[in-house]
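Student: I should like to study a protein structure by means of questions. May we go through one together, step by step?

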Amino acid sequence: MLCLGLNGGLDKVHENRFQIPNTFMHDGAAVLVRDGQVIAAVEEERLNRIKHSNKLPISAAQYCLSAAGVQLSEIDRVAFYATEAYSNAMLENMLVSQPDASIPLDAKLLVQKLLAQEFGTELDASRISFVSHHQAHAVSAFAMSGFEQSLIFAVDGSGDFLSGLMAIGSGTEITQLATFPENNSLGQFYLETIRYLGYGLFDEYKVMGLAPYGDPVAYRELFEQFYELSANGEYRVHLDRIGPTLLRSIQVRKKGMPFTQQHKDVSASLQEALERIVFHILRHYREATGMTRLCLAGGVAHNCSMNGKLLYSGLFEDIFVQPASHDAGCALGAALIASNELGRPAPRARLQEVYWGPDLASDHAVEEELKAWAGHLEFERTEEVADRAAEWMAGGAVIGWVQGRSEFGPRALGNRSILADPRPATNKDRINAMVKKREGYRPFAPSVLEEDAREFFDLPGSAGEFPFMNFVVRVHDSKRGLLGAITHVDGTARLQTVSRKASPAYWNVINAFKQRTGIPMLLNTSFNNNAEPIVDSVADSIATFLTTELDGLVVGPYLVKKRAATLQDWTALAVSLPPYVSLHKVRAYTAQDRQETVCEIRTDNRDCARISHDLFDLLTRIEGEAVLAELLDTTTMDQAQREALTSELRRLWEQRHVRMHPSQAARVHQK
């Protein structure tokens, strides 16, 4: 039985027909399972390059079908990650806000039509199903946990008019114990607070990283006004009190402003409040049910600090956190629910790895891609790729590392990673500032050989496998000074243990680093910059390599370095506009407080960059793609103007507002 799980929006990548905000139907994905076992899974953002994509996950679905070598017509069930009633209600809301739109009010009919348009196959309505959002979260965790029985807590911002559920998993069945309404949302509780710290949706993890710099005592009493704990694990959050109280109590931080100690203390108090509520709920259900194991899913389950506190508490003997706990994981849950309904439940086995995404191309295809960038890259092939990469890092290099199939979920787990020596604290500062271009306080994770983890980290009980970076654990006191790049200010780290069996290529490069340095771990962070999702393809990795200050790139068996490219090399590249951007001329006030016509390039997520009139005129001439030199030849620009415009274009490329790449003609000529 083949079951395809989907979550995400309804628009194609170049459309905004349904005008769906990113607060709804975000983190689109597709997951294909055969007889309950995952064959392929990928988030749409990895392919369409829109962070937290709220587009129809067509590219993700196409990949899944291709990976299995099947057509849509061969799929036994397509399952969507929300109930049909909820989906219909959302369509009604869209129609109210867009009365002129031709939106059908039947969600099943709409999904059927959208799939038919994209795949040329109209599935019978009986092969399309809708599942409960939080049930999908719950199943995605329990079915992958290897537990025969456990408590399940699915908790997030919202979905299907709820913010979570508590259940018991037993065998292949899940029995619901309680649900949590939207107005009691712990996800919204966190999000509403961080608005006053200059953050918004999808920034929650940043505040989790800021919290250890603060003192929760400072605002503990204030935060106690925002929630109540009562008998039987019940609680209430007062979302309406947060804004007015914080406005009176703190200096609100605007995006880009520096953090004060006040902001750090608020972060610490918020984190403490979340943990108190979660512990209150779980203590009750642990006692009431007698369950000694716990499964966590939903966006709040990505709070690794909270997970670490649960781990050390001893409240449960074992805890499994679904590695794609956010909404992308609902595609997994939806597929597994459908498969179970068709008599093919997931096998009871603990999840070991999530390398379910697109594989690297053949070595020949990788080499051809590298050759196409001849003016910008130099490379060599080696059979000792792990040894050479380890040698680079032992010498101080920060590298991109791309191997095998990409990871499903928000963490780079050693196949699409930026890697470095975990010892020098300067590596943390350097990567934050020069590669990721993000806040300097943000920590990085260590990837350690599974067999060596206890030497460096305080791991409770018999737990020894932490393959998904889901838990913050304590670094041994004696090792904190040694591991300056991965030890957070509170002496902790978000740990990934690496198994030789599950991740052989990644294990090999860490082991090679160990042979040179005695340190069996590496600093690991996702291979992307601040403007894009994690890289997926070879082309993605080259683009990120060339637009960051990484020292080297390893792709499959190839070691790659940068050349000192000339202006001619840059203008030999083709330029194209991603399908999610648009060009605009608007009247706006300039720095001189005068209203003038300005040029802008905008993305679907409302990101906007102001550009020069010359570049605007150049970009409007592009149909498909155009070689930059040929575009410039149509102008009367002198050399200095050409250099300035090329530099402006490269800055836009760094932010992924445009694409720069070898032209199709150049690729053909290269061959």
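The dialogue below treats the overall form first, and then particular sheets, cores and residues.

Student: What is the radius of gyration of the protein, and which value does the globule rule give for 671 residues?

Tutor: The model is a predicted one, and it holds 24 helices and 28 strands. For 671 residues the globule rule gives 26 Å, and the protein comes close to this, so it is as compact as a globular protein of that length. Along its principal axes the C-alpha trace spans about 75 × 65 × 55 Å. The radius of gyration itself is 25 Å, against 26 Å from the rule.

Student: What percentage of the residues of the protein count as buried?

Tutor: A residue is called buried if its relative accessible area is under 20%. When this limit is applied to the 671 residues of the protein, the share that counts as buried is 58%.

Student: Among contacts with a separation of 6 or more, what share comes from residues 24 or more positions apart?

Tutor: Here a contact means heavy atoms within 4.5 Å. Of the contacts in the protein with a separation of 6 or more, residues 24 or more positions apart account for 70%.

Student: In what order do the strands of the sheet that contains β6 stand?

Tutor: Strand β6 (residues 149–159) is joined to β7 (residues 162–170) by 8 bridges, and these two run antiparallel. On β11 (residues 293–297), by contrast, 4 bridges join to β6, and the two run parallel. The pairing in this open sheet of 5 strands is therefore mixed, and β8 (173–181) and β12 (318–321) stand at the edges, each with a single partner strand. The order is β8-β7-β6-β11-β12.

Student: Is strand β6 largely enclosed or left open by the rest of the structure, and how many of its residues are buried?

Tutor: Strand β6 comprises 11 residues, and the count of buried ones decides the matter. The strand is largely enclosed by the rest of the structure, because the number of its residues that are buried is 9.

Student: Which residues are the bridge partners of L151, I152 and A154?

Tutor: For L151, the partner lies in β7 and is I168. For I152, the partner lies in β11 and is C295. For A154, the partner in β11 is A297.

Student: Which residue in the turn between β6 and β7 has a positive phi?

Tutor: Strands β6 and β7 form a hairpin, with 2 residues between them. A phi of about 55° belongs to a residue in this turn, namely D160.

Student: Which helix gives the most to the largest nonpolar core?

Tutor: In soluble globular proteins, nonpolar side chains tend to be buried together. The largest nonpolar core here has 142 residues, and F153, F189, L282, F457 and V509 touch the most other members. With 10 residues, the helix that gives the most to this core is α10 (residues 261–289).

Student: How many residues does the second, separate core have?

Tutor: This core includes M25, I152, A297 and C330. Its number of residues is 79.

Student: How many disulfides does the structure hold, and why is C64 not bonded to C3?

Tutor: A disulfide requires two cysteine sulfur atoms within 2.5 Å. The cysteine sulfur closest to that of C64 is in C3, and the two are too far apart for a bond because they are separated by 13 Å. Both residues are buried, C3 with a relative accessible area of 0% and C64 likewise with 0%. The number of disulfides in the structure is 0.

Student: Which strands stand at the edges of the sheet that contains β25?

Tutor: This open sheet has 3 strands in the order β24-β25-β26, with antiparallel pairing. Strands β24 and β25 (residues 595–603) pair over 9 bridges, and H584 stands opposite E600 in β25. An edge strand has a single partner, so one side of it is left without a neighbour in the sheet. The strands at the edges are β24 (581–589) and β26 (608–611).

Student: Is P504 buried, partly exposed or exposed?

Tutor: P504 has its place in helix α18 (residues 504–517). Its relative accessible area is 44%, and the middle class lies between 20% and 50%. P504 is therefore partly exposed.

Methods
Residues are numbered from 1 along each chain as its sequence is written. This is a predicted model: local features need pLDDT of at least 70, side-chain atom pairs count only at pLDDT 80 or more; totals for chains, interfaces and linings use all residues. Side-chain values use heavy atoms; hydrogens and water are left out. Buried means under 20% relative accessible area, exposed over 50%, partly exposed in between (1.4 Å probe, protein chains only). Two strands pair if DSSP finds at least two bridges between them. A nonpolar core is a set of buried Ala, Val, Leu, Ile, Met, Phe, Trp, Tyr and Cys residues joined through side-chain atoms within 4.5 Å. The radius of gyration is taken over C-alpha atoms; the globule rule is 2.2 Å times the number of residues to the power 0.38.
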